[in-house]
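Open the model in your viewer and keep the selection tool at hand. The stops below are meant to be taken in order.

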Amino acid sequence: MEFFQKNLKVLSRNAAHLARQLEDVIPTNDIQVVIAKNGLPVLKHHIALHSLIDPEKEARRWADRADISAAIKDRKKIAVFGFGAGYHIKALLELGCSSVVVIEPEPAILRVAFECIDFSTYLGKITLVLGTDEISDFGNLYLIPHQPTMRLHKDIYVVWKERIKSAQQPRETIADLMEAFEDHEDIVKFLKNFDPYKVADIDKLVEKIPLGEGPLEDWQTIFFLMMELKNI
């Protein structure tokens, strides 16, 4: 618990509400800490969240990717879906990323990671988003999945991915889409009553749209249109 208190103390300086939330979290027995071959702790939650041989080497290889380097060069704000044991987050910061947003769908994972690894020197550069918390600005985010976390929470990852893509859609595109549907009252009525976060119902939505009506090339665009129509 020495690491947990040290991490919590640093976290509470900038995110006191998250520190209090983590203090109240009680991890379940299905979150385990095992030791990798190189002696470092690794979290397991149904699956191993990092390499069981050398998690740091794996993390450096993950972080040293062309798309991440390009995003950093373009001054994008890096957002990672999944904290795991944080090795990949440390690697990102050590390879030149000035700051990172981390979306962790299971607060208990973060709690266990904080208990067994010292993140105190990194937390000043990390913005944590737990569970269903919101992000204030999606505009310049570049989302990268931590693959094990995405495997466990693919539905949640898809929602975050589309929320970010939707927020970055040019406003001119919305105007074009709204104009394209102005003569289709039945479609507009359906969309207004459609829950934009129910990704599983996308096929049902597509069936309602006449073939060739409107510039709907993919369901990400449909999702964005739904979000806009919910607000009119």
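Where in the chain is Ala19? Select Ala19 and you are in helix 2. This is a predicted model, so the tour describes what the prediction contains.

**Stop 1: Ala19**

Ala19 counts as buried because its relative accessibility is 5%. Show its surroundings: leaving out residues up to four places away in sequence, Ala19 touches Leu8, Leu11 and Ser12. Now add Asn7 to the selection. Asn7 and Ala19 are 12 residues apart in sequence, and their C-alpha atoms are 9.0 Å apart in space.

**Stop 2: the whole chain**

Zoom out and colour by secondary structure. The chain has 12 helices and seven strands. Of its 232 residues, 47% count as buried. Among the chain's contacts with a separation of 6 or more, 67% are between residues 24 or more positions apart. Switch on the surface: about 12,700 Å² is exposed, and carbon and sulfur atoms supply 49% of that area.

Next, colour by pLDDT. The mean for the chain is 81, and 72% of the residues reach 70 or more. Residues 211-218 have pLDDT below 50, although this stretch has 13 contacts in the model beyond near neighbours in sequence.

**Stop 3: Ile26**

Select Ile26, in the loop between helix 2 (16-24) and strand 1 (31-35). Is Ile26 buried or exposed? It is exposed, because its relative accessible area is 72%. From Ile26, draw a distance to Pro107. The two are 81 residues apart in sequence, with 9.3 Å between their C-alpha atoms.

**Stop 4: helix 6**

Pro107 brings you to helix 6, so select residues 107-116. How many of the 10 residues of helix 6 are buried? Nine are, and the helix is mostly covered. The buried ones are Pro107, Ala108, Ile109, Leu110, Arg111, Val112, Ala113, Phe114 and Cys116.

What do the buried residues of helix 6 pack against? Show the neighbouring elements one at a time. The helices are helix 1 (2-14) and helix 2. The strands are strand 1, strand 2 (41-45), strand 5 (100-104) and strand 6 (126-130).

Stay on helix 6 and show the side chains of Arg111 and Glu115. These two form a salt bridge, with the closest N and O atoms 2.7 Å apart. They are separated by about one helical turn, because they are four residues apart in helix 6. Arg111 is buried, at a relative accessible area of 9%. Glu115 counts as partly exposed, at 24% relative accessibility.

**Stop 5: the other salt bridges**

The structure holds three salt bridges. Another of them joins the side chains of Asp118 and Lys6, at 3.0 Å from N to O. This pair links distant parts of the chain: Asp118 is in the loop between helix 6 and strand 6, Lys6 is in helix 1, and 112 residues separate them. Asp118 is partly exposed, with a relative accessible area of 22%. Lys6 is also partly exposed, and its relative accessible area is 41%.

Now select Asp67 and Arg65. Their salt bridge has its closest N and O atoms 2.9 Å apart. Asp67 is partly exposed, at a relative accessible area of 26%. Arg65 counts as partly exposed as well, with 26% relative accessibility.

**Stop 6: Glu104**

For the last stop, select Glu104, in strand 5. Glu104 is buried and has no salt bridge. Which side chain of opposite charge is nearest to Glu104? That is Arg111, 14 Å away. Return to helix 6 to find Arg111, the partner of Glu115.

What does lie beside the side chain of Glu104 is a backbone atom: the nitrogen of Phe83 is 2.8 Å from one of its polar atoms. Expand the selection to see the wider surroundings. Leaving aside neighbours within four places in sequence, Glu104 is in contact with Gly82, Phe83 and Gly84. Its contacts also include Ile109 and Leu110, both of which are among the buried residues of helix 6. The remaining contacts of Glu104 are Val129, Leu130, Gly131 and Thr149.

Notes: Residues numbered from 1 in each chain as written. Predicted model: local features only at pLDDT ≥ 70, side-chain atom pairs only at ≥ 80, totals over all residues. Heavy atoms only, no water. Helix = DSSP H or I, 4+ residues; strand = E, 2+ residues; numbered from the N terminus. Buried < 20%, exposed > 50% of the residue type's maximum accessible area, 1.4 Å probe, protein only. Contact = heavy atoms within 4.5 Å. Areas by Shrake-Rupley, 256 points an atom, 1.4 Å probe, with all protein chains shown as cover. Lys, Arg positive; Asp, Glu negative; His and termini not counted. Salt bridge = Lys/Arg side-chain N within 4 Å of Asp/Glu carboxyl O. Polar contact = N/O pair within 3.5 Å; in protein donor to acceptor, adjacent residues only side chain to side chain. pLDDT = per-residue confidence, 0-100.
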